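Open the model in your viewer and keep the selection panel at hand. Each stop below names what to select and then what is there.

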Amino acid sequence: MRKNMSKKIITIALSLIMCVAAVFVLSGCGEEEVVTYTNPLTGKITETEVTTPRPLVVSIDNVNEAIPQSWLSKADIVYEFPVEGEQTRLQAIYYTEFPEEFGPIRSTRPYFVDLTREYKGIFLAHGWSPQARDYLLSDVIPYINAMNSSLDFYRVDDKPAPHNSYIKWETVKAEIEAQGWWDEKKNLKSFKFLAEGAEPAGKRVDKVEFSYDGSDCEFTYDAESNKYVRTIDGEPYIDKETEKSIKVSNVLVQMVKSSELDSKGRLSIDMCAGGDALLFTGGKVLKGTWSREDLDSRTIFVDSEGNKFRMTRGKTWVEVTDQNCDIDYEIIVEEETEEE
């Protein structure tokens, strides 16, 4: 009898020991607790924390001779800005993925520097306007520019100059580390994102078209992937390296007013002036406004009731449009079905 009782006691004790030991790995002898992290720029939830101390903002050419560009698909966010000469230029923000090379890289304008300040970023460009040169030389942001850098910017053969300047990521990274620009991690303010599977606010729109002075583009919603496909005059807009169409989860529109700055037609844009805004996400459009407290603050986008825009988790393309850009989209009125 005592032997049986002893065996029962030993069995119970061993079970308790095993359960207590498992607490270090499991939550209450249940499933393992998983720690997750959210990318502030895309809203993507992962089990791996983003360790990049601060983003890299790259000025990318966007004229016909430069298209298709390399590795835009790896950028977390891409901004499209109007510039002089009836052109637009892209500012690609890399935070979680860095490609082996960037290009074609072009020159900067003061409002590109303003954008970099917003994201606490490091700026990469090849060339500058006189106004942007003075701005950068004031050391307002950390930057690499081919005009005063000894780094190896090189020209590729399949595009004509000046639309063919490239640089390797390993070269840029080595300079960032040598300058100590990654010694301190910067806290980035996050966009507001929808919960997974949540329905976005707004009215249904399947396509939006942008007509800058001499540069047109479209974004068409693909319900199957819940993404927007970018095209130019109906033709696919692809990543040169992947040969796949550029697709994003959100198209955010920031409306600004521009004025000519000099005889070359270069533009001045006040990136703190505030204005109207649109969000295209999940096949819906939402109207609102944007504001920015100062040049070292993030831009805030809100709806008509003052609530922050809630975006779909994923990559975003931001169209910065001035008074010379036409935006065209059609709201789809869905017919109500009568219940029997």
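Select Y111. In this predicted model, Y111 is buried, with a relative accessible area of 1%. Add F81, which is also buried, at 0% relative accessibility.

Now look at the two rings together. F81 and Y111 form an aromatic pair, one of 18 found in a search of the whole structure. The centres are 5.5 Å apart. The planes meet at 45 degrees, and the pair is tilted. F81 sits in strand β4 (residues 77–83) and Y111 in helix α2 (residues 110–118), so the pair ties together parts 30 residues apart in sequence.

Widen the selection to Y79, F112 and Y119. Ring pairs link these three with F81 and Y111 into a cluster.

Next, select W169 and W182. Their ring centres lie 6.0 Å apart with the planes at 55 degrees, so this pair is tilted. W169 belongs to helix α4 (residues 169–179), while W182 lies in the loop between α4 and β11 (192–193), so the pair ties together parts 13 residues apart in sequence. Both W169 and W182 are buried.

Two arginines come next. Select R230 with Y237: R230 lies over the face of Y237, 4.3 Å from the ring centre. Then select R298 with F191. Here R298 lies over the ring face of F191, at 4.7 Å from the ring centre.

Move to strand β7, residues 122–125. In a regular strand, side chains alternate between the two faces of the sheet. Show the side chains of β7: I122 and L124 point one way, F123 and A125 the other. All four are buried.

Which strands does β7 pair with? Select strand β3 (residues 56–60): it runs parallel to β7, and three bridges join them. V57 has F123 of β7 as its bridge partner. Then select strand β8 (residues 143–145), which also runs parallel to β7 and is joined to it by three bridges. There, A125 has N145 of β8 as its bridge partner.

Add helix α3 (residues 130–137) to the view. β7, α3 and β8 make a right-handed β-α-β unit.

Last stop: select Y95, in the loop between β5 (87–94) and β6 (101–102). Is Y95 buried or exposed? Y95 is buried, with a relative accessible area of 3%. Leaving aside neighbours within four places in sequence, its contacts include N39, P40, L41, V50, D76, K185 and L188. Draw a C-alpha to C-alpha distance from Y95 to N39: 9.0 Å in space, across 56 residues in sequence.

Terms used. Residues numbered from 1 in each chain as written. Predicted model: local features only at pLDDT ≥ 70, side-chain atom pairs only at ≥ 80, totals over all residues. Heavy atoms only, no water. Helix = DSSP H or I, 4+ residues; strand = E, 2+ residues; numbered from the N terminus. Buried < 20%, exposed > 50% of the residue type's maximum accessible area, 1.4 Å probe, protein only. Contact = heavy atoms within 4.5 Å. Pairing = 2+ DSSP bridges. Right-handed = clockwise from strand over helix to strand, strands pointing away. Phe/Tyr/Trp six-rings, centres within 6.5 Å; stacked < 30°, edge-to-face > 60°. Lys NZ or Arg CZ within 6 Å of the ring centre and 35° of its normal.
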